[in-house]
Amino acid sequence: MLNIRKERTSTPKVKPDYSNLGFGKYFTDHMFLMNYSTEKGWHDPRIVPYAPLELEPSAMVFHYAQEMFEGMKAYKTPDGGVQLFRPMKNIERMANTNDRLCIPQIPNEDVLQAITETVLFDEDWIPTTVGTSLYIRPFIIATDPMLGVHPSHTYIFCIILSPVAAYYAEGINPVKIFIEREYVRAVKGGTGYAKVGGNYAASLKGQEKANALGYSQVLWLDGINRKYIDEVGAMNVFFVIGDEVITPALDEGNILPGVTRASCIELLKSWGVKVSERRLSVDELYEAYDKGELKEAFGTGTAAVISPIGSLDDETKKAVINDGKIGAISQRLYDTLTGIQWGTVADPFGWTVKIK
Ligand code: COI
């Protein structure tokens, strides 16, 4: 159990227009901080006014990217309560990422306490406009002022909060996706399954290329065979082929084990829909498209929730999916998941955790 020191700002900010939030542009009045050193372990947990961090230019995070982050959301329910969605899934993934990056572990219950107390300290920042939530961004950075390549001996754990609306400007409208065959995001044995900033840095070049070609996102292929589907943009990806819903399996270690991904699989199974976690090649996908069997495609993620895919193109082939419209399965998943998260639909799975 953490003993969190709390200091309230004397200069609260003016709240943004909750009907025009976009994603990740505004930050609340406070943040959580906790330090690590080899001698003291994790210490000095505190909630303080949101402010710049002071770091040495030689801090290891700037040079060798020893950094991890998570993404989750808090929701205001119609009865005035506050809830999180499957927070332990994120916290367990955080422990796996820390392990992969040699970052010292924080007890799971301490992370949950830090998140809960920080969210409640800034509760008045949780937006209530339809489609909005309070995005929670926990992250850890390596702070040793040293240029040798080794795990740092000092770290900062920080949690910042951002009132958000849809991640993509398209919202729930289908996005156009470009199949990236030149650049890869992750390879087997790498950090694809972990939530590290470096994975996203590696994705920027392909993302920029796709944007220049008029696409909003990239479909990433596996780094070895360059033919199996990994992820799309900053999301996991699902395809509806005939009566089967397919999502790439996690066993190669290059795909992020998304909480929304897991929840979609569980929801689909509970509806009696056939779901397969398996390898899926672009060739199989285009073959299904040519036969008229590719019915729907969508990305899933905490930030994006469900993002339908309207077309999937590469240099030579173009596939328009479901006439570029959102499909029935994508819509049902979106409605059910957001309904559970916002507390407007029953939660038979016990996924939500009330913190107020
Ligand atoms: C999330 O979905 O929460 C993520 O972390 C993706 C991020 C790039 C916005």
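**The ligand and its surroundings**

In this predicted model, the ligand is surrounded by Phe69, Gly71, Tyr135, Arg137, Tyr167, Lys195, Tyr200, Ala234, Thr302 and Ala303. Sorted by character, the residues of this shell comprise 6 that are nonpolar, 2 that are polar and 2 that are charged.

Three of the surrounding residues can be followed down to individual atoms. The side chain of Lys195 places an N or O atom 2.7 Å from an oxygen atom of the ligand, whereas Ala303 takes part through its backbone, with a polar atom there lying 2.8 Å from a ligand oxygen. Thr302 likewise contributes a polar backbone atom, in this case at 3.3 Å from an oxygen atom of the ligand. With respect to accessible area, the ligand taken alone exposes 280 Å², and the protein buries 90% of that. The site itself, considered as a feature of the protein, is the largest pocket, and this is where the ligand sits.

The wider setting is best described through the domain assignment, which divides the protein chain into domain 1, covering 5-164, and domain 2, covering 175-342. Why is the ligand said to lie between domain 1 and domain 2? Both domain 1 (5-164) and domain 2 (175-342) give residues to the shell around the ligand, and it therefore lies between them.

The two domains also meet each other directly, since 24 residues of domain 1 are in contact with 23 residues of domain 2, a contact here being a pair of heavy atoms within 4.5 Å. Taken over C-alpha atoms, the centres of domain 1 and domain 2 are separated by 27 Å.

How values were computed: Residues numbered from 1 in each chain as written. Predicted model: local features only at pLDDT ≥ 70, side-chain atom pairs only at ≥ 80, totals over all residues. Heavy atoms only, no water. Near = heavy atom within 4 Å. Polar contact = N/O pair within 3.5 Å; in protein donor to acceptor, adjacent residues only side chain to side chain. Areas by Shrake-Rupley, 256 points an atom, 1.4 Å probe, with all protein chains shown as cover. 1 Å grid on protein atoms, 1.4 Å probe; cavity = no way out; pocket = protein on both sides within 12 Å on 5 of 7 lines; lining within 4 Å. Sits in = over half its atoms within 2 Å of the grid points. Nonpolar A, V, L, I, M, F, W, Y, C, P; charged D, E, K, R; others polar. Domains from an automatic or database assignment.
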